[in-house]
Amino acid sequence: MLREATADDVHLMLSWRNQETNRQVSKTSHEITAEEHARWWSAVRGDPSRRVLVYLRDDRPCGVVTFFDLRLDGPRTGAWGFYLDADGLAARSETLPAWLGVMREAVEYAFDGLHLDRLDGEVLGHNTVVRQMNRRFRFVEGTPRQELSDGREITVIPISLARADRRQR
């Protein structure tokens with residue numbers, strides 16, 4: 001289940017985002033400071049082009065889904081990303097079911113909640129497991145590009161999923 005993030009979730013979100021597993025597959029790979037995170041939270045919570053949601057598994061918060069660059073008039077489009085409590089889920093042997101669940105819930109929210117026509121995102125080229133999962137959910141990869149982020153060169157691959165192409169339950 002997804003629910004809107006609240007100020008009570010801010011510390012959890014930061015701790016998950018700073019887990020090594022999540023930093024390795026993010027464009028921003030450094031540890032996010034409390035100040036950086038507070039600035040981000042302050043900017044996103046009132047922005048109508050963004051949504052920050054917490055993923056619940058068995059009523060336990062265990063992930064964050066962000067929607068951004070939302071255009072809700074004309075062709076309805078938006079971008080998304082997510083990260084999980086990788087350490088906590090691994091300790092409970094729940095990583096794969098949570099991963100499938102958050103992707104299913106996020107895609108459903110994008111198309112049935114936000115009524116998007118197209119959902120966009122990005123994945124790092126070396127993140128082969130996520131790329132495979134994206135294909136399972138019928139996301140299509142675009143042309144890779146090289147970027148410099150946090151002092152490292154990364155390959156960023158755009159992905160998109162059209163409403164008509166989404167995988168039905």
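Me: Is Ser93 buried or exposed in this one?
Reply: In this predicted model, Ser93 has a relative accessible area of 65% and is therefore exposed, the cut-off for that class being over 50%.

Me: Where is Ser93 found?
Reply: Ser93 is found in the loop between α4, residues 86-91, and α5.

Me: And what is the phi of Ser93?
Reply: The phi of Ser93 is near 55°, which is a positive value in a residue other than glycine.

Me: Then Arg138, what is its phi, and where is it found?
Reply: Phi of Arg138 is near 75°, again a positive value in a residue other than glycine, and Arg138 is found in the loop between α6 and β6, the latter covering residues 140-141.

Me: Why does Arg138 count as partly exposed?
Reply: Its relative accessible area is 45%, and because the partly exposed class lies between the 20% and 50% cut-offs, Arg138 falls into it.

Me: Back to α5, at what angle do α5 and α6 pack?
Reply: Helix α5, residues 95-113, packs with helix α6, residues 128-136, at an angle of about 50°, and their axes are 11 Å apart. That angle makes α5 oblique to α6, and the crossing of the two helices is right-handed.

Me: Which residues make the contact?
Reply: From α5 the contact takes Leu96, Trp99, Leu100 and Met103, while α6 brings Val129, Val130, Met133, Asn134 and Arg136. Sorted by class, the residues in this contact of α5 with α6 are 7 nonpolar, 1 polar and 1 charged.

Me: Now α1 and α3, at what angle do they cross?
Reply: The axes of α1, residues 10-17, and α3, residues 34-44, cross at roughly 120° and come within 11 Å, so these two helices are oblique to each other. The crossing in which α1 passes α3 is right-handed.

Me: Which residues of α1 and α3 meet there?
Reply: On the α1 side they are Val10, Met13 and Leu14, and on the α3 side Ala34, His37, Trp40 and Trp41. The residues of this contact of α1 with α3 divide into 6 nonpolar and 1 polar, with no charged residue among them.

Me: What about Arg39, buried or exposed?
Reply: Arg39, which has its place in helix α3, counts as exposed at 56% relative accessibility. The C-alpha atoms of Arg39 and Arg71 are separated by 23 Å, with their positions 32 residues apart along the chain.

Me: And Arg51, where is it found and what does it contact?
Reply: Arg51 is found in strand β2, residues 51-57, and is partly exposed with a relative accessible area of 22%. Leaving aside neighbours within four places in sequence, Arg51 is in contact with Val65, Thr66, Phe67, Leu70, Leu72, Tyr109 and Leu114. Of these, Leu70 is 19 residues apart from Arg51 in sequence and 8.6 Å apart in space, C-alpha to C-alpha.

Me: Stepping back, how many helices and strands are there in the protein?
Reply: The protein has 6 helices and 8 strands, and from the N terminus on its elements run β-α-α-α-β-β-β-α-α-β-α-β-β-β. With a radius of gyration of 15 Å, close to the 15 Å that the globule rule gives for 169 residues, the protein is as compact as a globular protein of that length.

Me: What does the C-alpha trace span, and what share of the residues is buried?
Reply: Along its principal axes the C-alpha trace spans about 40 × 35 × 35 Å, and 43% of the 169 residues count as buried. Among contacts with a separation of 6 or more, 60% are between residues 24 or more positions apart.

How values were computed
Residues are numbered from 1 along each chain as its sequence is written. This is a predicted model: local features need pLDDT of at least 70, side-chain atom pairs count only at pLDDT 80 or more; totals for chains, interfaces and linings use all residues. Side-chain values use heavy atoms; hydrogens and water are left out. Axes are lines fitted to C-alpha atoms, for helices over the stretch in contact, and angles run from 0 to 180 degrees between N-to-C directions. Helices (H or I, at least four residues) and strands (E, at least two) are DSSP runs, numbered from the N terminus. Angles under 35 degrees count as roughly parallel, over 145 as roughly antiparallel, 65 to 115 as roughly perpendicular and the rest as oblique. A crossing is left-handed if the near helix is turned anticlockwise from the far one by less than a right angle, and right-handed if clockwise. Contact means heavy atoms within 4.5 Å. Ala, Val, Leu, Ile, Met, Phe, Trp, Tyr, Cys and Pro count as nonpolar, Asp, Glu, Lys and Arg as charged, and the others, Gly among them, as polar. The radius of gyration is taken over C-alpha atoms; the globule rule is 2.2 Å times the number of residues to the power 0.38. Buried means under 20% relative accessible area, exposed over 50%, partly exposed in between (1.4 Å probe, protein chains only).
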